Amino acid sequence: MDVFVTGASRGIGRACAVAFAAAGHRVTAVARTTGQLAELAAAHPRITPLVADLAWEVPKGTYDVIVLNAARYAPGGLLGTERDVFGESWEVNVMANHRLTRALLPPLIARGSGHLVVIGSSSTEKMAGHMTAYATTKKCLRALYEGWEEELRGSGVRCTLIAPGATLTSSWEGEAPPPRYLLPEQVAELVTRSVRDGLTGRLTIRG
Ligand SMILES: NC(=O)c1ccc[n+]([C@@H]2O[C@H](COP(=O)([O-])OP(=O)(O)OC[C@H]3O[C@@H](n4cnc5c(N)ncnc54)[C@H](OP(=O)(O)O)[C@@H]3O)[C@@H](O)[C@H]2O)c1
């Protein structure tokens with residue numbers, strides 16, 4: 001299968017790319033950081049790097065599995081912070097995924113097969129004041145996913161929303177790690193299993 005993974009230079013996306021490659025699939029790994037992607041591709045011959053800033057670029061192509069994972073995590077609230085991070089978080093966490101589904105899903109719908117996997121977040125369950133910009137965009141992504149799920153019903157294309165709890169990745173840099181956390185590989189295992197076993201709907205995973 002041909003698998004497209006966004007945010008694959010590190011963290012959960014990188015672990016997903018490695019897990020799909022290890023299962024024998026061809027993987028297109030998307031991110032902005034050329035060095036990290038080149039290193040990943042050098043270590044895994046089935047992985048092809050694709051350098052793109054999804055805030056304004058929309059890669060094209062035909063894939064069997066699309067994993068929408070890239071996101072910007074900016075800690076902080078919406079009120080009283082000097083820098084307003086909501087707009088940039090919105091572009092990557094919501095608009096980029098909207099543009100990607102419009103660009104990449106039509107071939108899957110036309111042939112009546114394939115799998116869309118969206119990486120959500122447990123932060124959509126209860127709003128926390130220290131990350132309102134991020135959590136708001138993830139809530140919007142969840143709403144988009146629920147719309148895609150309805151639009152894809154009966155099409156033959158599967159879709160899954162994976163909502164992890166805290167996962168130890170670079171997005172925690174500068175913050176105290178939570179007392180209980182997942183490793184990126186644990187989330188990647190659920191992503192690959194959802195595709196292999198055809199698990200659909202919202203799946204949660206916590207440390
Ligand atoms: N870590 C957690 O605790 C946690 C918990 C729940 C859900 N999640 C979700 O899990 C997913 C992955 O999180 P993570 O912690 O693994 O993140 P991460 O370590 O911060 O990595 C984010 C990835 O997204 C890419 N990316 C960011 N902006 C991009 C852009 N404009 N264009 C292209 N690629 C971009 C980054 O690559 P470049 O910088 O090279 O572009 C990187 O590969 C996200 O959807 C996040 O919301 C994470």
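**Reasoning from values to terms**

Student: Why is valine 30 called buried?

Tutor: Valine 30 has a relative accessible area of 0%. The term buried applies under 20%, so valine 30 is classed as buried. The structure is a predicted model, and the value is computed from it.

Student: Where does valine 30 lie, and what does it touch beyond its neighbours in sequence?

Tutor: Strand β2, residues 26-31, holds valine 30. Not counting residues up to four places away in sequence, valine 30 touches Phe4, Val5, Thr6, Gly7, Ala8, Leu37, Leu50, Ala52 and Leu54. With phenylalanine 4, the C-alpha to C-alpha distance is 7.6 Å, although the two are 26 residues apart in sequence.

Student: What makes methionine 1 partly exposed?

Tutor: The relative accessibility of methionine 1 is 39%. Buried requires a value under 20% and exposed a value over 50%; methionine 1 therefore falls in between and counts as partly exposed. Methionine 1 belongs to the segment before β1 (2-6). Its contacts, leaving aside neighbours within four places in sequence, are His25, Arg26, Asp64, Val65 and Val195. For arginine 26, which is 25 residues away in sequence, the C-alpha atoms are 6.2 Å apart.

Student: How do you know that serine 121 and serine 123 are joined by a polar contact?

Tutor: The contact between their side chains is 2.8 Å long. The limit for such a pair of N or O atoms is 3.5 Å, so the distance condition is met. Serine 121 is placed in the loop between β5 (115-119) and α4 (132-152).

Student: Is serine 121 buried or exposed?

Tutor: Serine 121 is buried, because its relative accessible area of 9% is under 20%. Leaving aside neighbours within four places in sequence, serine 121 is in contact with Tyr134, Lys138, Ile162, Ala163, Pro164 and Arg202. Tyr134 is also one of the closest residues to the ligand.

Student: How many residues surround the ligand, and which are the closest?

Tutor: The ligand is surrounded by 30 residues, the closest being Arg32, Thr33, Asn69, Tyr134 and Thr169.

Student: Which distances link the ligand to the side chains of arginine 32, aspartate 53 and serine 171?

Tutor: For arginine 32, a side-chain N or O atom is 2.7 Å from a ligand oxygen. For aspartate 53, a ligand nitrogen is 2.8 Å from a side-chain N or O atom. For serine 171, the distance to a ligand oxygen is 3.0 Å. The cut-off for a polar contact is 3.5 Å, and each of the three pairs lies within it. The protein covers 94% of the 880 Å² of accessible area that the ligand has on its own. The space taken by the ligand is the largest pocket. Two or more residues of its shell come from each of α1 (11-22) and α4.

Student: Why does threonine 169 count as buried?

Tutor: At 19%, the relative accessibility of threonine 169 is under the 20% limit, so the term applies. Threonine 169 is part of the loop between β6 and α5 and touches Gly11, Ile12 and Pro184, not counting residues up to four places away in sequence.

Student: What makes proline 178 buried?

Tutor: Its relative accessibility is 15%, which is under 20%; proline 178 therefore counts as buried. Proline 178 lies in the loop between β6 (158-164) and α5 (184-197). Not counting residues up to four places away in sequence, proline 178 touches Ala166 and Trp172.

Technical notes:
Residues are numbered from 1 along each chain as its sequence is written. This is a predicted model: local features need pLDDT of at least 70, side-chain atom pairs count only at pLDDT 80 or more; totals for chains, interfaces and linings use all residues. Side-chain values use heavy atoms; hydrogens and water are left out. Helices (H or I, at least four residues) and strands (E, at least two) are DSSP runs, numbered from the N terminus. Buried means under 20% relative accessible area, exposed over 50%, partly exposed in between (1.4 Å probe, protein chains only). A polar contact is a pair of N or O atoms within 3.5 Å; within protein, one must be able to donate a hydrogen and the other to accept it, and residues adjacent in sequence count only if both atoms are side-chain atoms. Contact means heavy atoms within 4.5 Å. A residue is near a molecule or strand if one of its heavy atoms lies within 4 Å of it. Accessible areas come from the Shrake-Rupley method with a 1.4 Å probe; for residues, only the protein chains shown count as cover. On a 1 Å grid over the protein atoms alone, a cavity is a set of points where a 1.4 Å probe fits but cannot get out, and a pocket is an open set with protein on both sides within 12 Å along at least five of seven lines; lining residues have an atom within 4 Å of a point. A molecule sits in a cavity or pocket if more than half of its atoms lie within 2 Å of its grid points.
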